[in-house]
Amino acid sequence: MSKTKLLQPDLVLGDTILGLTPAILSHHQIKGLVLDVDETLVPLKKSEVSEDLQQWVDTIRQVTPIWLVSNNVSESRIGSIANTLTLPYLLGAVKPSRRKLRQAVQAMELPVSDVAMVGDRLFTDVLAGNRLGMFTILVEPMVDAAVAARSYPIHNFEVWLSQILGVSLMTSPHKSAQNDKPLRS
Ligand SMILES: [Mg+2]
């Protein structure tokens, strides 16, 4: 697999994680989820879990196991978010290292290709997931409205560099995909 391919998400959601539905998971035959935390679930400046996110987790956990794997080393922040959501978690993952992603996938007792890595960053979440052979989903970052109005230099730089490397970040046509044949069989 080329380096460019390692940055290519299998699915570009074009929405925050709240747009990831059981139908989309089923369409891609995803049996487990590893989620990034900062800006995938909760804006960086916030520590409380939104009611929308709690409801999303309660819906999705009925169809797949969920683990949180964060590069953040703050036990108080990540532990508190995970405990509020009653989800298992791993800290200090150093993504794009595969080590803690592998640990979460092994805990689910699922084949690695049946588990999706979901995150807002290409060079950590998507790269780590692709390196391990997971299905990878790029989501829009969960940000405060006030912060969103400002620019996102690192995120924008990653997008710019990825496109030079040939990564396609066109939103995947998942919304009309239910009638298509599964992408993987
Ligand atoms: Mg993140």
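Here is a short conversation about the predicted model shown above.

Visitor: Happy to be here! How many helices and strands does the secondary structure of the protein come to?
Guide: Welcome! Read along the sequence, the pattern is α-β-α-β-α-β-α-β-α-β-α-β-α-α. Counted up, the secondary structure comes to eight helices and six strands.

Visitor: Which strands pair with β2, and in what sense?
Guide: Let's take the partners in turn. Strand β5, residues 115-119, is joined to β2 by four bridges, and Leu35 stands opposite Val118 there. Strand β3, residues 66-69, pairs with β2 over three bridges, with Leu33 opposite Ile66. The partners are thus β5, which runs parallel to β2, and β3, whose pairing with β2 is also parallel.

Visitor: Are the residues of β2 buried or exposed?
Guide: Strand β2 covers residues 32-35, with Gly32 and Val34 pointing one way and Leu33 and Leu35 the other. Whichever way they point, all of these residues are buried.

Visitor: What handedness does the β-α-β unit of β2, α3 and β3 have?
Guide: The two strands of this unit, β2 and β3, pair in the parallel sense. Helix α3, residues 51-60, completes the unit together with them. The unit is right-handed.

Visitor: Why do the buried residues of α4 lie on the same side of the helix?
Guide: Helix α4 spans residues 75-85, and its buried residues are Ile78, Ile81, Ala82 and Leu85. They lie on the same side because they cover an arc of only 95° around the axis. That fits a general rule: an α-helix has 3.6 residues a turn, so residues three or four places apart point the same way. The arc to remember is 95°.

Visitor: What do those buried residues of α4 pack against, and which exposed residues does the opposite face carry?
Guide: On the buried side, the packing partners are α3, β3 and β4 (89-90). The face turned away from that side carries the exposed residues Glu75, Ser76 and Asn83.

Visitor: Which residue follows α4, and what is its phi?
Guide: Just after the helix comes Thr86. Its phi is positive, near 45°.

Visitor: Where does pLDDT stay under 50?
Guide: Overall, the average pLDDT is 89, and 86% of the residues score at least 70. One stretch stays under 50, and for this stretch the model has five contacts beyond four places in sequence. Where pLDDT is low, the predicted coordinates should not be read in detail. The stretch in question is residues 176-182.

Note on methods
Residues numbered from 1 in each chain as written. Predicted model: local features only at pLDDT ≥ 70, side-chain atom pairs only at ≥ 80, totals over all residues. Buried ≥ 20, exposed ≤ 12 C-beta atoms within 10 Å, placed from the backbone. Pairing = 2+ DSSP bridges. Right-handed = clockwise from strand over helix to strand, strands pointing away. Arc of directions from axis to C-beta. Contact = placed C-beta atoms within 7 Å. pLDDT = per-residue confidence, 0-100.
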